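Q: Please take a close look at one part of this model. I would like one connected account.

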Amino acid sequence: MPLTREDIVAQFSARFGQPPEWIVRAPGRVNLIGEHTDYNDGFVLPLAIERAIWIALRPRHDRHVAVFSADFDAREEFSLDGMSKGSGWVEYLKGTAWALAEAGHRLTGWEGVVQGDVPVGAGLSSSAALEVGTARAFAAVSHIEWDPATMARLGQRAENRWIGVNCGIMDQLASAAGQDGHALLIDCRSLDIRPAPLPAGVAVVILDTGTRRGLVDSAYNERRSQCETAAEFFRVRALRDVSLELYEQRAAELPEITRRRARHVITENLRVERAVDAMQRGDAAALGKLMNESHASLQEDYEVSSDALNAMVDAARKHPACFGARMTGAGFGGCAVAIVQAEASDDFARRVAADYQQATGHSPAVYVTGATPGAEAVRM
């Protein structure tokens, strides 16, 4: 069962002897379609999921932050003056505080409890949810106006500059700006956002393979470099600027691997735009077909799928309630995502988990979710 407000209030009350003054919730995210397009200035279509990071807190009268992690059963404290880098989960809080301060915000200290049910390492953006939740907590106690896009950029800055992970903006923006019942079409160049409604009667199902990405950094950097090489060949800023017609005219001039990498990015951007059109029409079957095509492209042209991800997608597609399924995230492990008939989602979850485990020997986790609002703070 997902964590609730009551759960985090109980955690705070047990530790501090009274209820918190603020409750913050920041969701994880899953990307419906649009993979490896973000660093090519392209389009992505994530939604905020029901699983989230929760923080219960109250302000302090000094410039210290003291937080107990219920997940790690550990307490950490740091001063907002003279922060230095360390290690562990608290660095996401420190990095966010650093990014807010760098942006000119005067921060108030606080103490609280943090707990989440976003699986770590599954490609559902637990770290981005923690950064956005931390920013929401500081905004609440420090009287900072909450602008989702601005705060998402600061969360990304914390991840890039403090944590040292060169992520794009999608994860933080989906957590900060999610909309109930909608995915978000994000233009990764302009950061413009357009909501796209989930078709009626459809549930989103996250299918965690139980495998985790291994030595993915070198493969990720290699693919970025291949995309940059292709963009240079076409003399454009990014592959987002190459039309399918231009690609088809000149693709034969590219080395085979670079050609296939470019083909994925160019066709994936088109699939994202077509997916939004399908959602506007309420056409779940068309959306599912595009997701299936996305997985094939990621598997064959971009080569970032895995045996476990392919087995999970195959198991999902065999169920009669499934409209479509694909790997989601960077690849090489982690999760797939499917859209299914909502009324059959529980049966889908049980049968797909059993079929996948029988086929692979891995123990999966399956989460049925809707699209939820982005980060929010409630005063108690």
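Which residue in β6 stands opposite proline 59, and what surrounds that spot?

A: Proline 59 stands opposite tryptophan 110 in β6. First, the ground rules. This is a predicted model, in which local features need pLDDT of at least 70, side-chain atom pairs count only at pLDDT 80 or more, and totals for chains, interfaces and linings use all residues. Residues are numbered from 1 along each chain as its sequence is written, and side-chain values use heavy atoms, with hydrogens and water left out.

Helices (H or I, at least four residues) and strands (E, at least two) are DSSP runs, numbered from the N terminus. Two strands count as paired if DSSP finds at least two bridges between them.

Start with strand β3, residues 46-59. Seven bridges join β3 to strand β6 (residues 110-116), and the two run antiparallel. In β6, arginine 58 has glutamate 111 as its bridge partner. Strand β1 (residues 22-31) is also antiparallel to β3, with nine bridges between them. There, alanine 26 is matched with isoleucine 53 of β3. In general, strands of a sheet pair through backbone hydrogen bonds, either parallel or antiparallel.

How enclosed is β3? Of its 14 residues, 12 are buried, so the strand is largely enclosed by the rest of the structure. Buried means under 20% relative accessible area, exposed over 50%, and partly exposed in between (1.4 Å probe, protein chains only).

Now the whole sheet. The sheet is open and has six strands, in the order β5-β4-β6-β3-β1-β13, with mixed pairing. β5 and β13 (376-379) stand at the edges with a single partner strand each, so one side of each has no neighbour in the sheet. From one strand to the next, the twist averages 25°. Helix α1 (residues 5-16) packs on the sheet and touches β1, β3, β4, β6 and β13. Contact means heavy atoms within 4.5 Å. The direction of α1 makes about 135° with that of β6. Axes are lines fitted to C-alpha atoms, for helices over the stretch in contact, and angles run from 0 to 180 degrees between N-to-C directions. Helix α2 (residues 90-102) lies across β4, β5 and β6, running at about 25° to β5.

One loop of this sheet deserves a look. Aspartate 73 lies between β4 (64-69) and β5 (74-79). Aspartate 73 is not a glycine, yet has a positive phi of about 50°. Most residues other than glycine have a negative phi. Aspartate 73 is exposed, at 62% relative accessible area.
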